[in-house]
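The exercises below are meant to be worked with the sequence and the coordinates side by side. Each task is followed by a solution that proceeds step by step.

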Amino acid sequence: MKTAEEKKTRNTKHQKAVLELLKNATKALTADEIREKLADNINKTTVYRMLDRFVEAGKIHFVTGQNGKSFYALCKSCKEEPPKHIHNHLHFQCEICGKVECLPETLKVPQLDNYTIRETQLLLIGTCKRCMNSTN
Ligand SMILES: [Zn+2]
Ligand SMILES: [Zn+2]
Ligand SMILES: [Zn+2]
């Protein structure tokens, strides 16, 4: 039986590991990819709960890919706390290798009188450079 204190330490360790993973990733990662990369065996629900919490805290954001899966990436230049911080950068998903990346390009998010915008999901779909080169 684990004590509450031990459990807390373990959670903190996992949270750090997940953020570290996202920080070093060159592409956005799915919850499954994150779970696979973690040294410890963490159950799926725990990983999802952790990611949800990071999204709420404005540490990370996600975009839904073509397959309906969520891809998570670290917030790099977000300064304002949510719900004020809304992402306006574009994402790209490659149809061949399936990878999702954050792009530096941004779009202007419109201000709409009768709506409150909480998040944006901006996804461009096409072929990445690597896949383009390998098919030629
Ligand atoms: Zn952000
Ligand atoms: Zn590709
Ligand atoms: Zn992004």
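**Exercise 1. Decide whether Phe-62 and Tyr-72 are buried, partly exposed or exposed, and describe the geometry of their rings.**

Solution. Begin with Phe-62, whose relative accessibility in this predicted model is 22%. Because buried requires a value under 20% and exposed one over 50%, Phe-62 counts as partly exposed. Tyr-72, at 5% relative accessibility, counts as buried. Next, turn to the rings: the centres of Phe-62 and Tyr-72 lie 5.8 Å apart, with the planes at 45 degrees. Since planes under 30 degrees apart count as stacked and those over 60 as edge-to-face, the pair is tilted. The count of aromatic pairs comes to 1. Finally, place the pair on the chain: Phe-62 belongs to strand β1 (residues 60–64) and Tyr-72 to strand β2 (residues 70–74), so that distant parts of the chain, 10 residues apart, are linked.

**Exercise 2. Identify the protein donors of the zinc ion (ligand 3), and derive the class of its coordination geometry.**

Solution. The donor atoms are NE2 of His-61, NE2 of His-89, NE2 of His-91 and SG of Cys-102, which lie 2.0 to 2.2 Å from the zinc ion (ligand 3). These 4 donor atoms subtend angles of 99 to 119 degrees at the metal. Because four donors count as tetrahedral if all angles lie between 85 and 135 degrees, the arrangement around the zinc ion (ligand 3) is tetrahedral. For reference, the ideal angle for four tetrahedral donors is 109.5 degrees. The spacing of the donor residues in sequence is H-x27-H-x1-H-x10-C. Within this site, His-89 in strand β3 and Cys-102 in strand β4 (residues 100–106) link distant parts of the chain, 13 residues apart. As to accessibility, His-89 is buried with a relative accessible area of 14%, whereas Cys-102, with 32%, is partly exposed.

**Exercise 3. Carry out the corresponding analysis for the zinc ion (ligand 2): which residues coordinate it, and at what distance?**

Solution. The coordinating atoms are the SG atoms of Cys-94, Cys-97, Cys-128 and Cys-131, at 2.3 Å. The angles among the 4 donor atoms run from 105 to 115 degrees, and the site is tetrahedral. Along the sequence, the donor residues follow the spacing C-x2-C-x30-C-x2-C. For two of these donors the accessibility can be stated as well: Cys-94 is buried, with a relative accessible area of 1%, while Cys-97 is partly exposed, with a relative accessible area of 42%.

**Exercise 4. Characterise the surroundings of Gln-93, starting from its accessibility and ending with its contacts.**

Solution. Gln-93 is found in strand β3 (residues 89–94). With a relative accessible area of 3%, Gln-93 is buried. The side chain of Gln-93 reaches the backbone oxygen of Gly-98 at 3.0 Å, a distance that falls within the 3.5 Å cut-off for a polar contact. Setting aside residues up to four places away in sequence, the residues that Gln-93 touches include Gly-65, Phe-71, Lys-99, Val-100, Leu-123 and Ile-125, and Gly-98 is also among them.

**Exercise 5. Describe the largest nonpolar core: how many residues does it hold, and which of them touch the most other members?**

Solution. This core has 15 residues, and those touching the most other members are Val-18, Leu-22, Ile-34, Leu-38, Val-47, Leu-51 and Ile-60. The elements that give two or more residues to the core are α1 (4–24), α2 (31–37), α3 (44–56) and β2. Of these, α3 gives the most, with 4 residues. Taking Leu-51 as an example, and leaving out residues up to four places away in sequence, one finds that Leu-51 touches Val-18, Ala-31, Ile-34, Ile-60 and Tyr-72. A second, separate core of 5 residues includes Ala-28, Val-63, Phe-71 and Ala-73.

**Exercise 6. Give the overall layout of the protein chain: how many helices and strands are there, and in what pattern do they follow?**

Solution. The protein chain has 4 helices and 5 strands. Read along the sequence, these elements give the pattern α-α-α-β-β-β-β-β-α. The C-alpha atoms fill a box of roughly 55 × 45 × 25 Å, taken along the principal axes. Of the 136 residues, 29% count as buried. Among contacts between residues at least 6 apart in sequence, 55% join residues at least 24 apart.

How values were computed. Residues numbered from 1 in each chain as written. Chains lettered and ligands numbered in written order. Predicted model: local features only at pLDDT ≥ 70, side-chain atom pairs only at ≥ 80, totals over all residues. Heavy atoms only, no water. Buried < 20%, exposed > 50% of the residue type's maximum accessible area, 1.4 Å probe, protein only. Polar contact = N/O pair within 3.5 Å; in protein donor to acceptor, adjacent residues only side chain to side chain. Contact = heavy atoms within 4.5 Å. Donors = N, O, S within 2.8 Å, 3.2 Å for Na, K, Ca; no water. Tetrahedral: all angles 85-135°; square planar, octahedral: opposite > 155°, others 65-115°. Phe/Tyr/Trp six-rings, centres within 6.5 Å; stacked < 30°, edge-to-face > 60°. Core = buried A, V, L, I, M, F, W, Y, C linked by side-chain atoms within 4.5 Å.
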